[in-house]
Amino acid sequence: MKKQNIMKLKLFLTGLEERLKENYLLFENLDITCTSGTKKFKGKGSPKDEGINFNFNGVTKILKPQEITDQLCDIAEQYDAVEIRYVERGTTIVIEGDHKNVKIKYEDKEIKEPLEKVTTSQIGNRDYLIKVGRANPLLKEIGILSKEGKVKNDMIRKYNQIDHFVELIEDLLKGLEDVEEINILDCGCGKSYLSFVLNYYLTEVLKKKCHFIGLDYSEGVIESSKKMAENLKYRNMSFFKEDIKNYIPDRDIHLVISLHACDTATDMALALGVRCNARAIVSVPCCQKEVLSQYQYEPLQPILKHGILKARMADVLTDGLRALLLEAKGYKVSVVEYISPLETPKNLLLRAEKVSYGNKQAMEQYQELKKVLKVNPTFEKLIY
Ligand SMILES: C[S@@+](CC[C@H](N)C(=O)[O-])C[C@H]1O[C@@H](n2cnc3c(N)ncnc32)[C@H](O)[C@@H]1O
């Protein structure tokens with residue numbers, strides 16, 4: 001290639017190199033194809049912890065991201081034409097150069113891959129945020145899709161649930177626009193479906209940098225989450241076998257999520273969010289026993305003598321007290337229906353956004369209610 005065009009190539013590659021340094025955890029691979037006459041010579045780079053494992057013409061070396069421009073220019077100089085394909089999660093950048101010109105183009109995965117028509121009746125006309133077709137690798141890995149790319153009948157509910165979760169917190173995620181890299185803590189992550197889906201949505205749809213931490217005290221689900229992250233090449237995730245109440249984050253946490261964390265594990269998640277001053281906390285509580293075993297309210301005794309009514313009232317009081325204490329700690333809270341109560345009674349979603357240092361009136365109301373109901377919730381005990 002002409003010297004002048006090598007200079008132009010260098011300019012494009014310098015930009016690419018900056019992107020690679022910035023987004024190293026999103027980098028998937030780099031392919032180079034050089035042409036000399038009718039012959040083609042190929043090379044490939046893939047990410048390793050120690051650097052880029054780069055092979056060209058049978059020679060392998062480990063390159064630091066800042067060495068990539070010089071290395072690729074040195075190679076390109078020796079050929080008539082070059083094509084470099086740089087693949088990052090959700091985006092492909094192609095640089096093509098020859099004696100005449102050097103050009104760069106961006107291929108956005110979201111636009112390139114066609115949407116598959118989903119005909120399953122239960123799926124109906126819902127406009128999914130996590131779309132079959134575009135999100136196939138993710139949906140296959142988490143077991144929503146079959147190998148043939150069809151939504152499994154027994155996974156339609158799960159698919160609806162996770163998609164609806166993203167829909168319900170989309171505004172909240174967009175409200176974190178000013179955060180350079182959103183750190184998200186998934187408490188009682190289980191197999192981490194929700195984190196994988198949010199990771200896909202933030203990284204590949206909203207193009208927002210993020211890091212996920214999954215916590216669960218079950219070793220089995222932590223190992224399986226790690227394996228899934230490896231299969232998906234999602235390198236912006238860490239998983240720890242840890243009790244939520246003992247976890248101390250090593251970085252700022254912007255968003256705490258928990259989906260069906262059993263009983264007081266939800267309180268532990270909320271308290272952790274408050275303790276680390278998270279900008280937002282989103283929780284779908286699970287079954288609860290604590291308030292049910294504690295609360296007493298004489299005027300309602302003629303009604304509460306019916307066990308089922310006492311239990312239902314306890315559910316309302318548990319989530320009501322949680323919402324009020326979040327308000328007292330400076331969050332703006334909304335309690336919304338997550339999914340249809342016909343699917344599961346655990347269908348409330350608490351969505352909290354930090355808006356102030358605290359709300360004295362809400363704290364007084366909370367303390368008063370605690371006295372009236374004779375309860376002592378774990379959430380409050382774990383905040384301090
Ligand atoms: C019902 S599962 C939900 C898993 C996942 N969030 C989901 O929705 O698919 C509840 C998870 O919380 C975990 N868990 C419960 N209490 C916990 C605690 N104190 N610390 C860490 N994990 C906990 C359990 O091991 C389990 O994996």
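Colleague: Which residues of helix 11 are buried in this predicted model?

Modeller: Happy to list them: Ala314, Leu317, Thr318, Asp319, Leu321, Arg322, Ala323, Leu324, Leu325, Leu326 and Ala328.

Colleague: How do you know that the end C-alpha atoms of helix 11 agree with the expected span?

Modeller: Helix 11 runs over residues 307-328, which makes 22 residues. At 1.5 Å a residue they should span 32 Å, and the end C-alpha atoms are 31 Å apart, so the two agree.

Colleague: And what follows helix 11?

Modeller: Gly330, with a positive phi near 95 degrees.

Colleague: Let's turn to Asn23. Why is Asn23 called buried?

Modeller: Its relative accessibility is 11%. Buried means under 20%, so Asn23 counts as buried. Asn23 sits in the loop between helix 1 (3-22) and strand 1 (27-36). Leaving aside residues up to four places away in sequence, Asn23 touches Glu88 and Lys209.

Colleague: What makes a set of residues a nonpolar core, and how many residues has the largest one?

Modeller: The members must be buried nonpolar residues joined through side-chain atoms within 4.5 Å. The largest such core here has 50 residues, and those with the most contacts inside it are Ile130, Leu138, Leu139, Ile142, Phe165, Phe196 and Leu255. Helix 5 (residues 156-174) gives the most to this core, with 9 residues.

Colleague: Which residues does Phe165 touch?

Modeller: Not counting residues up to four places away in sequence, Phe165 touches Leu194, Ile257, Leu259, Val282, Val284, Tyr338 and Leu349. Apart from the largest core lies another, of 41 residues, including Ala265, Tyr295, Leu325 and Met363. Leu325 is also one of the buried residues of helix 11.

Technical notes
Residues numbered from 1 in each chain as written. Predicted model: local features only at pLDDT ≥ 70, side-chain atom pairs only at ≥ 80, totals over all residues. Heavy atoms only, no water. Helix = DSSP H or I, 4+ residues; strand = E, 2+ residues; numbered from the N terminus. Expected span 1.5 Å × (residues − 1). Buried < 20%, exposed > 50% of the residue type's maximum accessible area, 1.4 Å probe, protein only. Contact = heavy atoms within 4.5 Å.
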